[in-house]
Amino acid sequence: MKKTILILTIALGLLVNKSTSAQSVDTMLIQTYNAFDSAKAYPQWLMASNQFKLIAKQSPTYWLANYYAAWSIAILSFNEPTKAKKDPMLDEADAFFAKIEPMDSTNDEVALLGALLAQARLSVDPMSRHGKYGEISDKYLAQVTKLNPNNPRMYYLEGNTKFYTPKLFGGGVDKAQPLYEKAEALFANDSQDIHKPHWGKAVNEKMLAQCKEKK
Amino acid sequence: MIKKLQILALAIPILCLASSASGQMNIKGKVTEGKGKPVPFATVYIKNTITGALTDTLGRYSMHYSKKENITVIATAIGYDTTFFNVVADSAKTFIVNLTLKSNSSELDEVTISPGSMEASNDRKVALLTTMDVYTTASANGDVVGALQTLPGLQKVSDQTGLFVRGGDASESSAIVDGLVVQDPFFSPVPGVAQRSRFGPYEFKGISFSSGGYSARYGQALSGILELNTNDLPEETTLNANVNMAGAGLSGSYLWPHSALEGGFNYTNTRPFYGLTKTNIDFFQPPTGYSGSLKYVWTNTKGDILKLDGNADHYKSGIDVINPDEPDTTLAFNLQNYYTSASLYYRHIINEKTFLTVGSSYSQNGDTVHWGGQNFDKQDSRAQARVELDKQFGSNLFAYIGTEIQQYGEKQQYDSASFSFKETQAAAYIEAEWKPAKWFGLKPGIRYEYSEILAKSDIAPRISAAIRLNKYGQISAAYGMFYEDPSDRYLIFGDTHVKFQEATHYILNYQYMQNDRTFRVEGYYKSYNDLIREITQGPYDPNPYRPLYWPVDNSGYGYAKGIDVFWRDKKSIQNFDYWISYSYIDTKRLYQNYVAEAMPSYVSPNNLNIVTKYFIAKPGINLSLTYNYASGRPYYNPNNPTFLGDRSPAYQDLSASFSYLFRIKKLFGVFYLGVDNVTNNKNILGYNYSDNGEYKYPIVPALYRSAFAGVFLSLTPFKKDEL
């Protein structure tokens with residue numbers, strides 16, 4: 001009898017796995033997130049980001065789906081080789097972000113995403129955009145500090161700003177390293193739950209390694 | 001027991017088979033554009049599902065859909081219109097769906113037709129510069145024209161006021177703001193001291209400088225035009241203050257949902273600047289004055305826009321200038337100037353393919369001059385109106401037709417003698433931009449002009465074409481005829497029995513733009529005909545203020561040919577942007593009171609500009625270093641049998657500027673410091689000879705090394721929840 005039940009369960013499980021509509025949105029998000037995280041080349045990132053966009057289109061009122069769609073485009077835009085494509089990509093990201101921003105003003109990760117998108121826009125043409133987008137990024141980071149001063153991603157983004165500022169003007173590896181280290185310590189407390197965005201640990205480690213190398 | 005298991009074991013595969021029969025589809029195909037060229041990394045997906053795929057480098061994709069039903073396959077990619085295909089699910093397992101994408105990006109890789117011009121704009125992604133590039137250039141001193149002089153085609157002439165384009169003199173170029181000709185774009189000329197333009201910083205969203213072959217929309221400029229477009233709505237309500245070594249000012253903008261009011265008031269007092277700077281001529285009364293401006297912008301949700309603008313300014317100055325009759329002495333030149341202008345610009349969108357533009361302006365300028373004991377008064381004014389209709393036909397033809405009427409005049413009084421003229425010009429034009437293929441564009445145009453004072457008319461054809469060679473490079477060419485009235489100096493002396501002066505331009509240009517690197521080379525040939533020539537009896541008189549009592553005719557002519565090279569790199573070194581522009585020109589003319597064909601005295605055959613900028617985002621610091629080299633200019637030596645055969649020494653200038661952007665909550669500020677001619681190079685622009693030809697006196701710029709500093713502050717209002 002036990003064997004029968006076992007076989008039936010397996011069969012049913014197989015059937016269930018074949019029909020995608022029975023999968024939950026969260027499961028799809030987890031799968032896509034893992035694909036994005038383990039991608040090694042630009043086309044793989046692009047593929048995963050497209051998946052996020054499709055999921056978000058299917059679940060337009062779910063903040064998490066829109067979050068990952070916007071977030072993945074932002075990360076992608078930093079690595080997009082054709083400069084002229086960056087702004088249209090970020091326009092799409094802005095559309096997803098515009099859905100979640102009004103939903104929740106107490107979620108520090110939403111505010112942090114706002115800062116990341118502003119920094120992505122800024123890096124397209126730093127010389128003429130640092131005024132406008134620098135201000136927007138600062139505004140969002142101030143919100144993050146108010147909502148959750150222990151958000152590791154905030155320290156990672158601030159570390160980046162210091163890393164790319166020359167020493168002569170108050171930046172440099174010496175100023176960046178403590179920020180990356182603080183982020184590293186806080187990353188340890190991150191939950192791996194898909195509902196609580198926890199990106200940045202690996203790239204933070206890379207930046208920290210670069211800091212140590214330069215010393 | 002075993003029997004049951006066997007039945008179950010059979011059941012599982014049957015169940016599995018049943019589910020596969022109930023639906024799976026393999027969809028694959030190729031995504032291409034235009035003539036079958038594959039589109040790599042395009043996104044293909046099934047509508048209302050999360051099933052999607054990416055095309056590979058050959059444009060191929062394949063995806064597996066776990067149901068069997070009618071679906072819509074959608075393909076998208078940046079720079080293309082989205083396209084779709086409906087698939088009817090029949091008994092097949094595999095469906096080949098090939099999709100063709102149509103390009104929609106007019107800016108990413110479509111051809112642009114603009115030979116002869118360089119554009120600085122915040123809107124267009126293919127512009128060579130942004131307006132911020134213009135303002136952060138050292139040696140510009142915040143003057144639009146100063147910054148444009150570091151680009152090929154525009155010559156810096158330190159002792160004369162105006163736009164000197166590719167061998168043409170200051171009267172041969174026009175400045176145009178929002179489609180309207182500016183009668184007095186520069187402050188009133190002072191002999192020997194080039195004046196800056198009246199254009200304030202940060203007013204413009206687009207600056208386009210054309211050194212030849214310009215559109216049929218404009219005329220009456222033999223050499224080139226400077227086209228400026230003012231900002232539309234400001235981004236937010238602000239209050240600004242600026243203090244610098246030449247005065248202080250207050251300005252602000254108030255933004256409503258669809259309209260805005262902007263105003264400013266400036267008090268100029270250059271005493272601190274001239275007090276600290278060692279000058280080569282005596283500014284016994286450094287320029288002081290005040291100016292005010294008011295602008296109203298209205299828009300609606302359809303995209304219509306109305307701009308109303310008014311300006312008034314007044315200033316006075318007293319400078320000791322070289323006495324043209326005895327170049328070793330000076331004469332006091334006292335000037336008082338009043339200037340007012342008002343303009344209207346309205347663009348109305350009739351439907352999504354048609355819009356109408358209307359513009360009108362009036363300006364009045366008055367100079368009261370007291371020079372070497374004599375009074376010279378001058379008033380000039382201009383009124384104009386323009387109407388243009390623009391329409392898009394299909395997806396690759398855009399055409400516009402327009403008409404304009406200009407009325408301008410000048411009045412001069414020397415003591416008791418009085419001279420004046422009034423001219424009315426009417427013009428009509430039609431021009432089209434046709435792009436039959438994404439890689440080829442043609443822009444033919446024709447312009448008709450009539451001058452009342454000359455009682456003459458002309459028809460000026462213009463045509464330009466461009467071919468895009470590949471993703472990054474394109475060739476373009478232009479041909480055009482350009483006509484112009486004699487300059488005001490001749491019209492005011494009643495020389496109206498002549499024809500239009502004429503110039504024919506031929507331009508060929510190659511441009512390469514990839515991400516942040518731009519290379520541009522342009523060759524041109526201009527032939528000038530019917531230039532005004534003075535029929536004088538005596539020897540050559542180099543005095544530009546000589547009264548013109550003798551007859552004139554159109555027997556003057558000339559040519560200008562050369563090559564301009566421009567290279568800009570924003571990418572190679574992080575945070576570092578530089579451009580190099582080099583111009584070579586060979587030009588000769590026989591016009592005005594020249595006694596033989598010669599290169600005019602305002603031309604340097606070789607011009608090199610190297611502009612570098614280094615930028616640090618946090619804290620916002622901009623450093624700029626500019627080097628300018630201009631080979632010697634011709635000057636008149638009565639002892640030389642070759643007319644204008646002598647050359648001044650080469651001109652060199654190294655300028656540096658530093659600006660620091662800071663933000664304290666809602667207060668945004670810019671502190672700037674600029675040093676011109678850092679090495680204090682004692683440039684000599686030419687020489688004046690004494691009457692007997694025995695002695696020569698150097699013509700020098702008004703200043704050698706000088707420093708200028710100032711602060712600009714901007715305050716945006718607090719919102720209630722941010723306090």
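User: What distance separates the end C-alpha atoms of helix H9 (residues 173-187) of chain A, given that its 15 residues should span 21 Å?

Analyst: The model is predicted, so local features need pLDDT of at least 70 and side-chain atom pairs count only at pLDDT 80 or more, while totals for chains, interfaces and linings use all residues. Residues are numbered from 1 along each chain as its sequence is written, chains are lettered from A and ligands numbered from 1 in the order in which they are written. Helices are DSSP runs of H or I with at least four residues, numbered from the N terminus, and the expected span is 1.5 Å times one less than the number of residues. For H9(A) the expected 21 Å agrees with the end-to-end C-alpha distance, which is 20 Å.

User: Which helices do the buried residues of H9(A) pack against?

Analyst: A residue is buried if 20 or more other C-beta atoms, placed from the backbone, lie within 10 Å of its own, exposed if 12 or fewer, and partly exposed in between. The buried residues of H9(A) include Ala176(A), Leu179(A), Tyr180(A) and Ala183(A). With contact meaning C-beta atoms within 7 Å, their partners in chain A are helix H8 (152-163) and helix H10 (201-214).

User: Is Ile75(A) buried, exposed or partly exposed?

Analyst: Ile75(A) lies in helix H4 (residues 63-79) of chain A. Its C-alpha atom is 8.0 Å from that of Ala120(A), 45 residues apart along the chain. Because 18 other C-beta atoms lie within 10 Å, Ile75(A) is partly exposed.

User: How many bridges join strand S21 (residues 285-299) of chain B to S22(B)?

Analyst: Strands are DSSP runs of E with at least two residues, and two strands pair if DSSP finds at least two bridges between them. S21(B) and S22(B) form a hairpin with five residues between them, and Gly303(B) in the turn has a positive phi of about 105 degrees. Lys295(B) stands opposite Asp309(B) in S22(B). The two strands run antiparallel, and the number of bridges joining them is 13.

User: Which residue of S24(B) is the bridge partner of Tyr345(B)?

Analyst: Strand S22 (residues 305-322) of chain B pairs antiparallel with strand S23 (residues 330-351) over 18 bridges, with Gly310(B) partnered by Ala342(B). S23(B) pairs in turn with strand S24 (residues 354-371) of chain B, antiparallel over 18 bridges. S23(B) and S24(B) form a hairpin with two residues between them. In S24(B), the partner of Tyr345(B) is Gly359(B).

User: What distance separates the centres of domain 1 of chain B and domain 2 of chain B?

Analyst: Chain B is divided into domain 1 (19-103) and domain 2 (117-722), with bounds from an automatic or database domain assignment. Taken over C-alpha atoms, the distance between their centres is 54 Å.

Notes:
Two residues are in contact if their C-beta atoms, placed from the backbone, lie within 7 Å.
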